[in-house]
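Q: Please take a close look at one part of this structure, beginning with a single loop and working outward from there. A connected account is wanted, with the cut-offs behind each term.

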Amino acid sequence: MPKSQLVEPKFLRKAGEITFAPIPVNRYNKTATEELQSKNFTKDDLRRIYHDMVVIREFETMLNLVKTTGAYEGVPYNNPGPAHLSAGQEAAAVGMAYTLDANDFIFGSHRSHGEILAKGLRAIELLDDRELEKIMDEFWGGATVSVAKKGFTGTTKQLGRRFLLYGAMAEIFARITGFNKGLGGSMHTFFTPFGIYPNNAIVGGSGDIAVGAALYKKVNRKSGIVVANIGDASMACGPVWEGLVFATMDQYRQLWEGDMKGGLPLIVNIMNNSYGMGGQTRGETMGYDFAARIGAGVNPEQMHSERVDGYNPLAVIEAYRRKRKILEEKNGPVLLDVVTYRISGHSPSDSSSYRTKEEIDAWAAEDCIVAFGKQLVEAGVATQSDLDATWKDVKTLMLDIFKLSIDDALSPRMDLSKNPESLGAMTFSNRSVDSLSNATPEVNHPMSENPRVQQIAKKERFAIGKDGKPVSKMKQYQLRDGIFEAIIDRFYKDASLIAYGEDNRDWGGAFAVYRGLTEALPYHRFFNAPISEASIVGSAIGYAMCGGRVIPEIMYCDFLGRCGDEVFNQLPKWQAMSGNVLRMPVVVRVSVGSKYGAQHSQDWTSLAAHIPGLKVVFPATPYDAKGLMNAALQGTDPVIFFESQRIYDVGEQFHEGGVPKGYYEIPLGEPDVKREGSDVTILTIGATLYRALDAARILEEKYGMSAEVIDARSLVPFCYDKVLASVKKTGRIIISGDASSRGSFLNDLARNVTELAFDYLDAPPVVLGSRNWITPCYELESAFFPQPEWFIDVIHEKIVPLKGHIPACNFTEAEQIRRAKEGV
């Protein structure tokens, strides 16, 4: 919404037409002989290309035989895990990787063994021997390379080849010496020192994550490009489309300034094998005819789309050489539709009932390895005996690595019997890091000159004046101010930090938390994202796993459904699935609404708390908001940071002296007693705190009952010490929040309190959540969200009768049974 860009009616209403440029299809027509004559390759180059294709084919053959026959070369082994193989796609993978070095990152497709091996083999070839040795020796303290060295004598490059194959194979077989300690497996194997970033079991899952990696390289001025390998069927997936939209935003060229102006260094590489499992993309499940056509619908440059013959590695290499120049000129991103075919099925259990034997035979007759081998013979690069020797060498190597990978003594699995908490210890990294960058943060002015900072400096940081009266709202330091102070402080400390979401820049965020950041920060650190929640979070994941810190914002909690895969399947899992190789310093700001009905006023904190690997906080006071945001931004774990729209303007009522001006942290997981009492404990989540406090005043004034009110502040982690101490004192507890009560985290709290304080309870813990309805309009909200009177009624009905009290709401056991029976 920059004012510099005028939306001109005369221009937009002008008659005309939109034209499209032709999209090249399989234009490469050179032979290996011609490439040699042009000195585009040496003979050794061409032989290595052939070798790498053979390595991939034999690797996939080994896995297929293990899955279908239970053995490889007579050595028995049972692998119960998945195996989505890419036999037939070798030329496409090797061609993709040939122009890349270790500074170039690839993200893998659903069937990515070939991509991983191709990239790794090329990185090994290009790395200096000493650098390669250092990488191998330092990884897992040398545990992986020490096994690869067993029985080996040879060069560093040859050892690198063994290291790559062993690390990948051990990972697939769930061995602790694998690249990710056996926690990633077949569909999540990767090795970042070689520029191999995660592949993804979720089809299209890398579509938006890879965009974030390209964003990281651009914003942090890192060398290299990013390749997002995705299948043709994934073009139907939301994250892919949203990733394309995010990757091609006009602002990169039109609004970003200086050396930041220009497109992302990204190639979207479609491994087009014509199938999505059994669905044939061209002619059945998709309508694009050729996937390269998609680029024409994304930006005026049509993403420089091209369809390339992926059955010829030289064609793919030539295309990459040309497209890389486009990226280096900051005119990316690029889309390549790489034609290939998988001879193997979707998985070894696939009977290929959806395609004919004639079709498979036709592609097998044009086998990319056989065809390339013929080119080498015709060019005088190799004899058939040389090619046969390559196969023999690779088969011998593969069998040796296979034996090492399945040897339980050399390649053990994680022992969860001996160390039952090993996996739990990997869920979070729990690091404390001031800055993830050594660079000087780019800002527009000193923080002291920021107008918002100056305005906040004049506010009263405690809501109660010296005269005991409330300070006016206009003069109060508010909860939104606490969040802002923590965030702007981090922007001035950590050059890697960026923030984006819908209506962030210029507007200052939909709820004014970011007001002042537009003046403080250049575009590339703080910008507006498209209305694409999946790519907002997905790109943040890619940005973080490459080494940056990021704050993506989801404007309404209800919109978490639009980024469900990213929040629930990607963000929480990569630290543990990587074997703790990766960190995930992402703080997702989520605003919990009210007043706007069923699709804008839901509290979904319980969904986030249910997913292992996410930290979840929900501050309700300015002091807590600032301290928790500071702690979240200091950490290296993914945090879902919930904020209630009801209380953005609330002042600090609890922390004596008000909200400190300086830096401080509140540890995640520590609840806080907001009101001391002796007769009943009320534990609240989020904005419900204030209704509980109102209820506590009513209890004391009308019924002489003293309520202790505890603010959870965090859901995950959660320390029960203060809650248990309170319950041991009061013998009674109500647990309340604005989430619908059925299936909510409130029940989890109640269960644990019951188990941990059973002997001290005078009554069962009571859960007081919202009704199990759609959230109604503002005028009816008092019948949906917990109200102060509800606390009184539920105490009277379920905990202790209150003399003279007449309940307004029905909390009887009969009503509880009726609601459950009706599903409401």
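A: Asparagine 26 lies in the loop between α1 (9-12) and α2 (32-37), where helices (H or I, at least four residues) and strands (E, at least two) are DSSP runs numbered from the N terminus. The model is predicted, so local features need pLDDT of at least 70 and side-chain atom pairs pLDDT 80 or more, while totals for chains, interfaces and linings use all residues. Residues are numbered from 1 along each chain as its sequence is written, and side-chain values use heavy atoms, with hydrogens and water left out.

Asparagine 26 has a phi near 50 degrees, a positive value in a residue other than glycine. With a relative accessible area of 37%, asparagine 26 is partly exposed (buried is under 20%, exposed over 50%, partly exposed in between; 1.4 Å probe, protein chains only). Lysine 181 also has a positive phi, of about 60 degrees, although it is not a glycine. Its place is the loop between α8 and β4 (196-197), and its relative accessible area of 19% makes lysine 181 buried.

That loop leads back to helix α8. Just after α8, alanine 174 takes a positive phi of about 65 degrees. The 17 residues of α8 (residues 156-172) should span 24 Å at 1.5 Å a residue, and the end C-alpha atoms are indeed 24 Å apart; the expected span is 1.5 Å times one less than the number of residues. Because 15 of those 17 residues are buried, α8 is largely enclosed by the rest of the structure.

Helix α8 also helps to line the second largest pocket. A pocket, on a 1 Å grid over the protein atoms alone, is an open set of points with protein on both sides within 12 Å along at least five of seven lines; a cavity is a set where a 1.4 Å probe fits but cannot get out, and lining residues have an atom within 4 Å of a point. Volumes are the space filled by probe spheres set on the points, which are joined across faces, edges and corners. The second largest pocket holds about 450 Å³ of space. Of its 19 lining residues, Arg48, His51, Asp52, Glu125 and Arg161 are the closest to the centre. Two or more lining residues come from each of α3 (43-69), α4 (90-98), α5 (113-126) and α8, with the largest share, six residues, supplied by α3. By class, this lining has seven nonpolar, three polar and nine charged residues (Ala, Val, Leu, Ile, Met, Phe, Trp, Tyr, Cys and Pro are nonpolar, Asp, Glu, Lys and Arg charged, and the others, Gly among them, polar).

The largest pocket contains about 650 Å³ of space. Its lining numbers 25 residues, and those nearest the centre are Ser741, Val767, Lys798, Gln816 and Arg819. The elements that give it two or more residues are β22, α27 (788-799) and α28 (813-822). Here the division is 10 nonpolar, nine polar and six charged residues.

Val767 connects this pocket to a set of paired strands, since valine 767 in β22 is the bridge partner of isoleucine 735. Strand β21 and strand β22 (residues 766-770) run parallel and are joined by four bridges; strands count as paired if DSSP finds at least two bridges. Four bridges likewise join β21 to strand β18 (residues 680-684), again in parallel, with threonine 684 opposite serine 736 in β21. Seven of the eight residues of β21 (residues 733-740) are buried, so this strand is largely enclosed by the rest of the structure.

Asp738 belongs to the lining of the largest cavity, together with Val592, Gly593, Asp603, Phe618, Ser644, Arg646, Ile685, Gly686, Ala687 and Phe785. This cavity holds about 60 Å³ of space, and its lining comprises five nonpolar, three polar and three charged residues. Altogether, the structure holds six cavities of 30 Å³ or more.

Val592 ends strand β14 (residues 587-592), which pairs in the parallel sense with β13 (residues 550-554) over two bridges. Isoleucine 554 stands opposite valine 590 in β14. Both strands belong to an open, mixed sheet of seven strands in the order β12-β11-β13-β14-β16-β15-β20. Its edge strands, each pairing on one side only, are β12 (526-528) and β20 (714-716).

Valine 716 is joined to proline 717 by a cis peptide bond with omega near -5 degrees, and proline 717 is placed in the loop between β20 and α25 (721-730). A cis peptide bond also joins glycine 332 and proline 333, with omega about 5 degrees. Proline 333 sits in the loop between α12 (313-328) and β10 (334-339).
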